[in-house]
Amino acid sequence: MTISLLNAQKGNISSASSGSTAGFASTSGSTFVICVSDPNANVTVSDNKGNTSNYVQVGTDQVLTGGAGTVTGQMWQCPNGTGGSGHTSTVPFNSGTGDCAFYFLEIGDAANPSVDTPSLVKGTDATSPFEQTTGTLAQADNLVVAFAFNNDSALTFTAASPLTTQLSESNVALYWTNA
């Protein structure tokens, strides 16, 4: 079997204390990933299939300051999770309210320990097009999950070939743009 992206959903939170994605039919044994960009850096992640305590943060908070403010990017994964129909993820703020967009992914055939430690890249490129290079991939059969976000203006995100942008948020009036 080949590792693959099976499902992807986007959720939004606008001046609220939490938000959820739409549901999809997922498969037990898949790896589930939640990506969040939030100005408060004050979130937890969960899903409705009992995997909440199995989500671990991938790497550390990636913080951008300046521009229109401070925003923190986080990625969480749950290897070999429980799936089922109507699978949703929820991002609640630990205190207060906020505005953010977040993503819930299901990756098939990537059961632990085949999920590599991620390579996190914090960009400092100041000239458009903004470009970053990932770290070295450690396996022959890879699925790259890249989460891009900013704290300055409405940017569009374009993945270089052979990568594909699955989901993105460009409404800078309500959310921090990301993909």
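Leu5 is partly exposed, with a relative accessible area of 31%. The residue belongs to strand β1, which spans residues 4-16. Its C-alpha atom lies 9.8 Å from that of Ala110, although the two residues are 105 positions apart in sequence. The model described here is predicted.

The overall make-up of the chain comes next. The protein chain has nine strands and zero helices. Read along the sequence, the pattern is accordingly β-β-β-β-β-β-β-β-β. Of the 179 residues in the protein chain, 35% are buried. The exposed surface of the chain amounts to about 9,200 Å². Carbon and sulfur atoms supply 49% of that area. Contacts in the chain reach far along the sequence. Among those between residues at least 6 apart, 76% join residues at least 24 apart.

Strand pairing was examined next. Strands of a sheet pair through backbone hydrogen bonds, in either a parallel or an antiparallel sense. One open sheet contains three strands in the order β2-β8-β4, and its pairing is antiparallel. The edge positions are held by β2 (18-20) and β4 (46-47). Each of these two has a single partner strand, so one side of each is left without a neighbour in the sheet. Strand β8 covers residues 89-92 and pairs with β4 over two bridges, in the antiparallel sense. Within this pair of strands, Asp47 stands opposite Ser89 of β8.

Strand β7 (residues 71-78) has partners of its own. Strand β3 (residues 31-38) pairs with β7 over seven bridges, and the sense is antiparallel. Cys35 has Met75 of β7 as its bridge partner. Strand β5 (residues 56-57) also pairs with β7 in the antiparallel sense, over two bridges. Here the bridge partner of Val56 is Gln77 in β7.

How many of the eight residues of β7 are buried? The count is eight of eight. In a regular strand the side chains alternate between the two faces of the sheet. Both faces of β7 are covered. One side carries Val71, Gly73, Met75 and Gln77, and the other carries Thr72, Gln74, Trp76 and Cys78. Every one of these residues is buried.

The nonpolar interior was then analysed. In soluble globular proteins, nonpolar side chains tend to be buried together. The largest nonpolar core in this model has 15 residues. Those with the most contacts inside this core are Ile34, Val36, Val45, Tyr55 and Val91. Strands β3, β7 and β9 (98-108) each supply at least two residues of the core. A second, separate core has 10 residues. Its members include Ile3, Val33, Leu105 and Phe147.

Tyr55 illustrates the surroundings of a residue in the largest core. Leaving aside residues up to four places away in sequence, Tyr55 touches Phe32, Ile34, Val45, Asp47, Trp76, Gln77, Cys78 and Phe104. Aromatic pairing was searched over the whole structure, and two pairs were found. Ring pairs link Phe24, Phe32 and Phe104 into a cluster.

Several loop residues complete the picture. Asn51 is placed in the loop between β4 and β5. Is Asn51 buried or exposed? With a relative accessibility of 1%, Asn51 counts as buried. Its side chain reaches the backbone oxygen of Thr82 at 2.8 Å. Beyond residues up to four places away in sequence, Asn51 touches Phe32, Cys78, Gly81, Thr82 and His87.

Ala25 sits in the loop between β2 and β3. In contrast to Asn51, which is buried, Ala25 counts as exposed, with a relative accessibility of 57%. The 50% cut-off for exposed residues is passed, so the assignment follows. Ala25 nevertheless has partners distant in sequence. Its C-alpha atom is separated by 6.0 Å from that of His87, a residue 62 places away along the chain. With residues up to four places away not counted, Ala25 touches Asn7, Gly84, Ser85, Gly86 and Glu106.

Asn80 is found in the loop between β7 and β8. Its phi angle is near 55°. This is a positive value in a residue other than glycine.

Definitions and conventions. Residues are numbered from 1 along each chain as its sequence is written. This is a predicted model: local features need pLDDT of at least 70, side-chain atom pairs count only at pLDDT 80 or more; totals for chains, interfaces and linings use all residues. Side-chain values use heavy atoms; hydrogens and water are left out. Two strands pair if DSSP finds at least two bridges between them. Helices (H or I, at least four residues) and strands (E, at least two) are DSSP runs, numbered from the N terminus. Buried means under 20% relative accessible area, exposed over 50%, partly exposed in between (1.4 Å probe, protein chains only). A nonpolar core is a set of buried Ala, Val, Leu, Ile, Met, Phe, Trp, Tyr and Cys residues joined through side-chain atoms within 4.5 Å. Contact means heavy atoms within 4.5 Å. Accessible areas come from the Shrake-Rupley method with a 1.4 Å probe; for residues, only the protein chains shown count as cover. Rings of Phe, Tyr and Trp (its six-membered ring) pair if their centres lie within 6.5 Å; planes under 30 degrees apart count as stacked, over 60 as edge-to-face and the rest as tilted. A polar contact is a pair of N or O atoms within 3.5 Å; within protein, one must be able to donate a hydrogen and the other to accept it, and residues adjacent in sequence count only if both atoms are side-chain atoms.
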